[in-house]
Amino acid sequence: MAYSKVSNKNQDKDVKYLNKDYNSFRDQLMEFAEVYYPNNFNDFSEGNPGMMFLEMAAYVGDVLSFYTDTQLRESFLLLAQEEENLYNLAYSMGYKPKVTTAASTMLDVYQLVPSIQNVGDSTYHPDYTYALDINTNSSFKTADDIKFYTVDPVRFNYSSSIDPTNTSVYQYDSTDNPEYFLLKKSVKAISGEKITTQFTIGAAERFKTITLFNSDIISIESIKDDEGNIWTEVPYLAQDTVFEEVENTGANDPKLQGFNHQTPYLLKLKKVPKRFVTRFKSNEELEIQFGPGSTDNADPIITPDPNNIGLGIKDGRNKLDTAYDPSNFMYTKSYGEAPANTTLTVTYLVGGGLKSNVSANTITQIENITTTPQPNLSANMATFIRGSIAVNNPESAKGGGAGDSVEEIRMNAMANFSAQQRTVTKDDYIIRTLSLPPRLGTVSKAYITQDDQISPMTNEPNRIPNPLALNLYTLGYNADKKITTLNSATKHNLMTYLEQFRMLTDAINIKDAFPINFSIDFEVTAFKNYNNQEVLLECISELKDYFNIDKWQINQPIIISELENLLAGVKGVQTVEKVELKNKSGTSLGYSQYKYDFIGATKKRVIYPSLDPSIFELKYPDTDIKGRVITY
């Protein structure tokens, strides 16, 4: 091969950038040499050593092109294939992948209590002074040693329509009077086994990280140091407050303690300088990371106000690009304390998987339970009562399985990024409201609408939407599962609970909806070969089921034609002659105080609720449904 001394550096060369693979690189290099170096390189046979350099360049180009495409693909959540990259992308979008899934079930927990005689009428009832409070994280197991932990306390002395305490006579004495009563409660439990390990920490390190090497880790239960300080898990280290459930007592809140029977716990905001975050790796190891700060060298907290939002604070920084969280309205550069010169005791839960999906009636053994001590009780009786605790799962445990697959991580991370645990739409607020944990109070019905206000631009009483506020109308159940308004403690908890999720610019007004009680009067004709009494009872049963309060929501209308079709579908009914609804009101009679004009509210055989959000409730179906079968 000949070489020329002619310089081509001033000649513009046509370089193509569309080549991606080995063959296209090779062909383009050959074409390039043939066009620009026709005299110097004109032998393109396989035996020519110059072809080795062209093919080596094509090979390098192909490899570089492959890795460039791969790196670009792995930077997108939708296209990434490497599990480690998916984990990193998921965490960057706020989603925490699961390496295992725990099974869950409802446990029936039983205990005995002695009977006590009512002085007034000589009747016997349970002595609830011996009713136990079984704490959260009490453990039960199967004969195969598969363990389950309760996620809520079991309070036998508390009963509501959502969390009832079922009572029955267990044993009679020699005079045929009740001697012991059996109490039954249901509580949710998840599978898992607790493991405790310790880490010795020396001098403080910035963002100290420790690693748990166990597989199938479900969650961190607690971290404590030598001095008994509790370290709290947070979603990210910049969050220095969490919401904590505290018992509703006079010491915690003297104003709300009067509602502790319906609302046993209160939700409070707690500042947590000792905090940590957790992060699963693709090999299922769990990293625990602490902050870089110390209590002796804490930086000042920046509280946003009109003087430093948008206009810049004293050092010239602009805060418009800060994503303010309603649950964490204060920011600090310390990101929490760093543990130093102590031993951390880490308790975590492992397990789950397919084997945790145990059959019904297999969780019957007690492994470890803790109860709240009750003073001034007979020691022997208290010991006997505690020994009477029994447990069973009437339904099989479900939900146990492997962790997130690659596709599940991808889909869950994208969904989490879109929602960001924020309540944006009206449906979001309804779901969050109804998801309030029962121990914080029970919200049974919820309805949300935009607030409005009288227009200041006209003298007429026109109302215009208020874009800065939403009205959340709520109702609950009493012990008899009748509609009632929420007590102050439950509203306080709901307000605090929604604070974690609401948008910063949203204002929520929690209000009471209005229950409207009514009665039903109907007439039907029956076929001659059917028993009229049986047909009537079946019609009443269908109406009771139709107006079951669990099926009704705030602002839901009553469609009379649906009632007629319901009755017409009862076996034996020939025709429906009449269906009439009438308002029932008056607190002295046990009804709602609100009167309602059913005739005026009926349009085209549809009974509409009031403009103010309300709910129709058939409060006493046994007496308020009246019907008859007529004959001609």
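Trainee: In what sense do strands β26 and β31 pair, and over how many bridges?

Mentor: Keep in mind that this is a predicted model. Here β26 covers residues 514-526, and its pairing with β31 is of the parallel kind. The number of bridges between β26 and β31 is four.

Trainee: Which residue of β31 is the bridge partner of isoleucine 516?

Mentor: Look along β31, residues 614-617. Isoleucine 516 has its bridge partner there, and that partner is phenylalanine 616.

Trainee: Which residue points the same way from β31 as Phe616, and are the residues of that strand buried or exposed?

Mentor: Ile615 and Glu617 point one way, so to speak, and Phe616 goes the other way together with Ser614. Both faces get the same verdict on burial, Glu617 included. So to your two points: the residue is Ser614, and Ser614, Ile615, Phe616 and Glu617 are all buried.

Trainee: Moving on to α9, which of its residues are buried, and why do they sit on the same side?

Mentor: Helix α9 spans residues 560-568, and its buried residues are Ile560, Leu563 and Leu567. They cover an arc of only 60° around the axis, which places them on the same side of α9. As a rule, an α-helix has 3.6 residues a turn, so residues three or four places apart point the same way. The value to remember for α9 is that arc of 60°.

Trainee: What do the buried residues of α9 pack against?

Mentor: There's a helix on the list, α8 (532-546), and the rest are strands. Among those strands is β28 (573-584). The full set is β26, α8, β27, β28, β29 and β30.

Trainee: In what order do the three strands of the open sheet come, and which are the edge strands?

Mentor: The order is β27-β30-β29, with antiparallel pairing. An edge strand pairs on one side only, and that goes for β27 (558-559) and β29 (602-603). Two bridges join β29 to β30 (residues 606-607), and threonine 602 has as its bridge partner in β30 isoleucine 607. The edge strands, then, are β27 and β29.

Trainee: How many cavities of 30 Å³ or more does the whole structure have, and which element gives the most to the lining of the largest cavity?

Mentor: The search turns up one, and the largest cavity has a volume of about 30 Å³. Its lining is Glu84, Tyr87, Asn88, Arg279, Phe280, Lys281 and Ser282, with α3 (83-92) and β16 (275-280) each giving two or more residues. By class, that's two nonpolar, two polar and three charged residues. The element that gives the most, with three residues, is α3.

Notes. Residues numbered from 1 in each chain as written. Predicted model: local features only at pLDDT ≥ 70, side-chain atom pairs only at ≥ 80, totals over all residues. Heavy atoms only, no water. Buried < 20%, exposed > 50% of the residue type's maximum accessible area, 1.4 Å probe, protein only. Pairing = 2+ DSSP bridges. 1 Å grid on protein atoms, 1.4 Å probe; cavity = no way out; pocket = protein on both sides within 12 Å on 5 of 7 lines; lining within 4 Å. Points joined across faces, edges and corners; volume = space filled by probe spheres on them. Nonpolar A, V, L, I, M, F, W, Y, C, P; charged D, E, K, R; others polar. Arc of directions from axis to C-beta. Contact = heavy atoms within 4.5 Å.
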